[in-house]
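Got the model open? Let's go through it with a few quick questions and answers.

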Amino acid sequence: MLYRDQIERAAALIKQSTGFYSLTGAGLSTESGIPDFRTPGEGIWEKFDPIETSSVEVLKNNPRVFYESAFNRFASITMAEPNPGHYALARMEEMGLLKGLVTQNIDGLHVKAGSHKIWEVHGHLRSGYCQGCKKRYPFEELVQQVELKRIPPVCRNCFDVLRPDVVLFGDPMPPIFYEAEDTLRNNCDLMLAAGSSLVVYPVAYLPRLAKKLIIVNLRPTEYDHAAEVVIREKCSKVLDDLAEMLATG
Ligand code: APR
């Protein structure tokens with residue numbers, strides 16, 4: 001199918017849907033300068049071991065390793081800006097077409113781009129909390145203490161170690177994951193999965209709740225065979241072209 005035909009097909013599916021949702025992954029933010037996790041030769045997990053650097057275990061048993069590896073990456077992510085793909089999804093919500101957006105990304109770029117109905121199911125980088133007394137802090141507090149070489153950052157109340165509101169390997173899924181799952185199970189007749197390898201459960205289970213699927217991804221996924229349309233192009237281009245067609249079509 002030619003690219004233009006794929007966009008037209010996707011636009012038609014969106015226009016005739018009554019419960020259109022999107023699921024986004026790291027591939028949507030690579031064009032904002034944030035590397036993804038599994039692209040061969042570029043993905044984060046080729047440089048860092050996820051369990052050795054970004055797990056609850058390493059935060060508990062070796063917080064210095066956590067703050068000198070994973071946390072540095074988190075801090076750099078907060079400087080990124082949305083790309084046309086993020087803005088396109090915000091436009092689809094504004095047009096009343098996109099009912100909600102599940103993202104695995106912690107970069108907050110959907111918020112910056114103006115989307116409202118967002119489930120950040122792997123957490124975010126706007127705040128953190130004390131593991132002891134649970135006192136909450138803005139993310140900047142953790143950044144400032146690390147910049148002052150106070151590693152790991154500690155609570156001003158009880159001096160226990162602080163942590164960001166990101167879902168780490170070994171954490172339970174946050175309540176908003178189950179809220180998103182329920183909403184999709186009861187309402188989703190079309191899902192657009194953009195920039196995700198769809199290999200990390202339980203999020204990778206969510207596309208099964210959609211009656212129909214559109215996939216935008218540079219590499220193959222396990223769900224390609226079940227999708228109405230698979231567009232092997234960059235998210236920013238595809239989503240921007242799609243939003244344009246929906247706005248003018
Ligand atoms: N346009 C389209 N697809 C892209 C682009 C792009 N510009 N850049 C990368 N991709 C594709 C890659 O080919 C890859 O298949 O996006 C996908 C990203 O997959 P992953 O790197 O596995 O990222 P993601 O699916 O979000 O990972 C899920 O894994 O480690 C955990 O918590 C982490 O949230 C993350 C989860």
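Q: Why does the ligand lie between domain 1 and domain 2?
A: Keep in mind that this is a predicted model. Domain 1 covers 1-34 + 82-122 + 172-249, while domain 2 covers 35-79 + 123-166. The ligand lies between them because residues of the shell around it come from both domain 1 and domain 2.

Q: How far apart are the C-alpha centres of domain 1 and domain 2?
A: Here we take the centre of the C-alpha atoms in domain 1 and the one in domain 2. The distance between those two centres comes out at 27 Å.

Q: How many residues does each domain put into the contact?
A: A residue counts here if heavy atoms come within 4.5 Å across the two domains. Domain 2 puts in 13 residues, and domain 1 puts in 18.

Q: How many residues surround the ligand, and which are the closest?
A: To count, a residue needs a heavy atom within 4 Å of the ligand. That gives 23 residues. They split into 7 nonpolar, 10 polar and 6 charged. The closest are F37, R38, W45, S196 and S197.

Q: What is the distance from a ligand oxygen to an N or O atom in the side chain of S197?
A: Let's go through three side chains that have an N or O atom by a ligand oxygen. For H122 the distance is 2.9 Å, and for N217 it is 2.8 Å. For S197 it is 2.6 Å.

Q: What percentage of the ligand's exposed area does the protein bury?
A: The ligand sits in the largest pocket. On its own, the ligand exposes 740 Å². Of that area, the protein buries 94%.

Key:
Residues numbered from 1 in each chain as written. Predicted model: local features only at pLDDT ≥ 70, side-chain atom pairs only at ≥ 80, totals over all residues. Heavy atoms only, no water. Polar contact = N/O pair within 3.5 Å; in protein donor to acceptor, adjacent residues only side chain to side chain. Areas by Shrake-Rupley, 256 points an atom, 1.4 Å probe, with all protein chains shown as cover. 1 Å grid on protein atoms, 1.4 Å probe; cavity = no way out; pocket = protein on both sides within 12 Å on 5 of 7 lines; lining within 4 Å. Sits in = over half its atoms within 2 Å of the grid points. Nonpolar A, V, L, I, M, F, W, Y, C, P; charged D, E, K, R; others polar. Domains from an automatic or database assignment.
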